[in-house]
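Let's take a friendly walk through this model, one region at a time. Keep the viewer open as you read.

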Amino acid sequence: MPTVMLDTNVIVGLLDPDDALHGRARDAVHRWEDKAASFAISVITWGELRVGAVRKGVAAERMLGAFRAAVIDRIVGVNEATAESAALLRAADLTIRVPDALIIATAREVKADALLTADRKFPGIAPDLIELLRPS
């Protein structure tokens, strides 16, 4: 069973039908669902999503909770090995934000088949792992 990590921007796109990424994100997730993929996110992604939901209010929190229950099979924590991998990524390129390095390192640690993202910087960091989604 393939494992696919979802970046924060992909989930935001999935949850908002008016988001420019919505259609591409939905299509990519459906394609992986057809391959019986398991979906995971980093605890960093979960934290970023929760901040947005809390700021938007109760309805957004409920929507995020329902999405988590329906789609996300696993929230992956950051351990020492993940932090070390992220530090190596960041040390090699100081333009990489620490949360992004942690998300990429988490995907590598769980041996994900792909990390779906709309972040154009990610393919240059982990070309073997990244599936870049562009807005419609």
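Two residues are in contact here when they have heavy atoms within 4.5 Å of each other. Keep in mind as well that this is a predicted model.

With that in hand, start at Glu 131, which sits in strand E5, residues 130–132. Leaving aside neighbours within four places in sequence, Glu 131 is in contact with Ala 28, Arg 31, Trp 32, Ala 114, Leu 115, Leu 116 and Thr 117. Is Glu 131 buried or exposed? Its relative accessible area is 16%, and because buried means under 20%, Glu 131 counts as buried. One of its contacts deserves a second look: the side chain of Glu 131 makes a polar contact with the side chain of Arg 31, at 2.5 Å.

Now turn to the nonpolar interior. The largest nonpolar core has 23 residues, and those with the most contacts inside it are Leu 6, Val 10, Phe 39 and Leu 116. Which elements give two or more residues to this core? They are strands E1 (3–6), E2 (38–42) and E4 (114–117), together with helices H1 (8–15), H2 (22–34), H3 (43–56) and H4 (58–71). Helix H2 gives the most, with four residues. Apart from this core lies another, of 20 residues, including Met 5, Val 110, Ala 126 and Leu 129.

Phe 39 is a good residue to select next. Beyond its neighbours within four places in sequence, Phe 39 is in contact with Val 4, Leu 6, Val 29, Trp 32, Glu 33, Val 71, Ile 72, Asp 73 and Arg 74.

From there, move along to Gly 77, in the loop between strand E3 (74–76) and helix H5 (80–92). Gly 77 has a relative accessible area of 42% and is partly exposed. Where does the chain come back to meet this loop in space? Gly 77 and Thr 106 are 29 residues apart in sequence, and their C-alpha atoms are 7.9 Å apart.The last stop is the pairing of two helices. The axes of H5 and H6 (residues 98–109) come within 8 Å and cross at roughly 125 degrees, which makes H5 oblique to H6. The crossing of H5 and H6 is right-handed. On the H5 side, the contact is made by Ala 81, Thr 82, Ala 83, Ser 85, Ala 86, Leu 89 and Arg 90. On the H6 side, the residues making the contact are Val 98, Ala 101, Leu 102, Ile 104, Ala 105, Thr 106, Arg 108 and Glu 109.

How values were computed: Residues numbered from 1 in each chain as written. Predicted model: local features only at pLDDT ≥ 70, side-chain atom pairs only at ≥ 80, totals over all residues. Heavy atoms only, no water. Buried < 20%, exposed > 50% of the residue type's maximum accessible area, 1.4 Å probe, protein only. Core = buried A, V, L, I, M, F, W, Y, C linked by side-chain atoms within 4.5 Å. Polar contact = N/O pair within 3.5 Å; in protein donor to acceptor, adjacent residues only side chain to side chain. Axes fitted to C-alpha atoms, helices over the stretch in contact; angles between N-to-C directions. Parallel < 35°, antiparallel > 145°, perpendicular 65-115°, else oblique. Left-handed = near helix turned anticlockwise from the far one by under 90°.
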